[in-house]
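Me: I should like to learn how to read a single residue and its surroundings in a model of this kind. Could we begin with the contacts of one side chain?

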Amino acid sequence: MFFSELLRITVLLVAGVATALGALSVLLAQRELSTFMLIVSGAWWLVAAVAGLVYGGSARAGEAIAPVLAAARTTTSLPSETPGAIAIRRLWPIGAFAIVCGIAGIVAPQIAAIGAGYAILIALAWRRREEAVRAIEDRDGVRFYVEPSSAFEPVRLLRTPGLYRDRPPVVKPPPPPPARS
């Protein structure tokens, strides 16, 4: 599985979790007629969104990804596992987080609201990482693949030659005509 694809799936999955938990907390707060909880939740989501936007800038995305890309092992063969298996193995904790916060949110809607805020923060903070990886892949003419491993281990990458297949050939423009005197 391409590392950039794993990052994109992660952001979309976390954003979906934020949406689901936010909707659940609003529905449960309305059922309990708790306007105070809605106001506090909205303020927390706003703070989380601003923090995610600040921490998710392009410069920070490059800094966050650099150590992982630098530690990538160079190889000419691809991982043997399917991309779906790698994604499930790496991303199941996000689903577990959603289920735990959702079930706990039924008992106390504040828990779902807090979980939604954290998911908003993470989704916005990670939104530029895929772009940073793709920019490096395009610049260096390589592709980064995720090496199969547990979600509890740091991500390990495989670096393969990309052969510049996505780049158009570079053509130099003709020289300007000589100046007439």
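Reply: This is a predicted model. One begins by setting aside the close sequence neighbours: beyond four places in sequence, Glu147 is in contact with Arg73, Arg156, Leu157 and Leu158.

Me: Which side chain forms a polar contact with that of Glu147?

Reply: The side chain of Arg73 does so, at 3.5 Å.

Me: Why does Glu147 count as buried?

Reply: The class follows from relative accessibility, with buried meaning under 20%. Glu147 is counted as buried because its value is 17%.

Me: Where does Glu147 lie with respect to the strands?

Reply: Glu147 belongs to the loop that runs between strand E2 (142-146) and strand E3 (157-161).

Me: How should the sheet itself be read, and in what order do the strands come?

Reply: One reads the order of the strands and then the sense of their pairing. Here three strands make an open sheet, ordered E1-E3-E2, with mixed pairing. Strand E1 (73-74) and E2 are the edge strands, each pairing on one side only. Between E2 and E3 the pairing is antiparallel, over five bridges; in one of these strands, E3, Pro161 is the bridge partner of Val142.

Me: What confidence does the predictor assign to the chain and to its elements?

Reply: One considers the whole chain before its parts. The protein chain has a mean pLDDT of 88, and 94% of its residues reach 70 or more. Among its elements, the lowest mean, 86, belongs to helix H3 (residues 58-70), and the highest, 94, to helix H5 (residues 109-125).

Note on methods: Residues are numbered from 1 along each chain as its sequence is written. This is a predicted model: local features need pLDDT of at least 70, side-chain atom pairs count only at pLDDT 80 or more; totals for chains, interfaces and linings use all residues. Side-chain values use heavy atoms; hydrogens and water are left out. Helices (H or I, at least four residues) and strands (E, at least two) are DSSP runs, numbered from the N terminus. Buried means under 20% relative accessible area, exposed over 50%, partly exposed in between (1.4 Å probe, protein chains only). A polar contact is a pair of N or O atoms within 3.5 Å; within protein, one must be able to donate a hydrogen and the other to accept it, and residues adjacent in sequence count only if both atoms are side-chain atoms. Contact means heavy atoms within 4.5 Å. Two strands pair if DSSP finds at least two bridges between them. pLDDT is the predictor's confidence in each residue, from 0 to 100.
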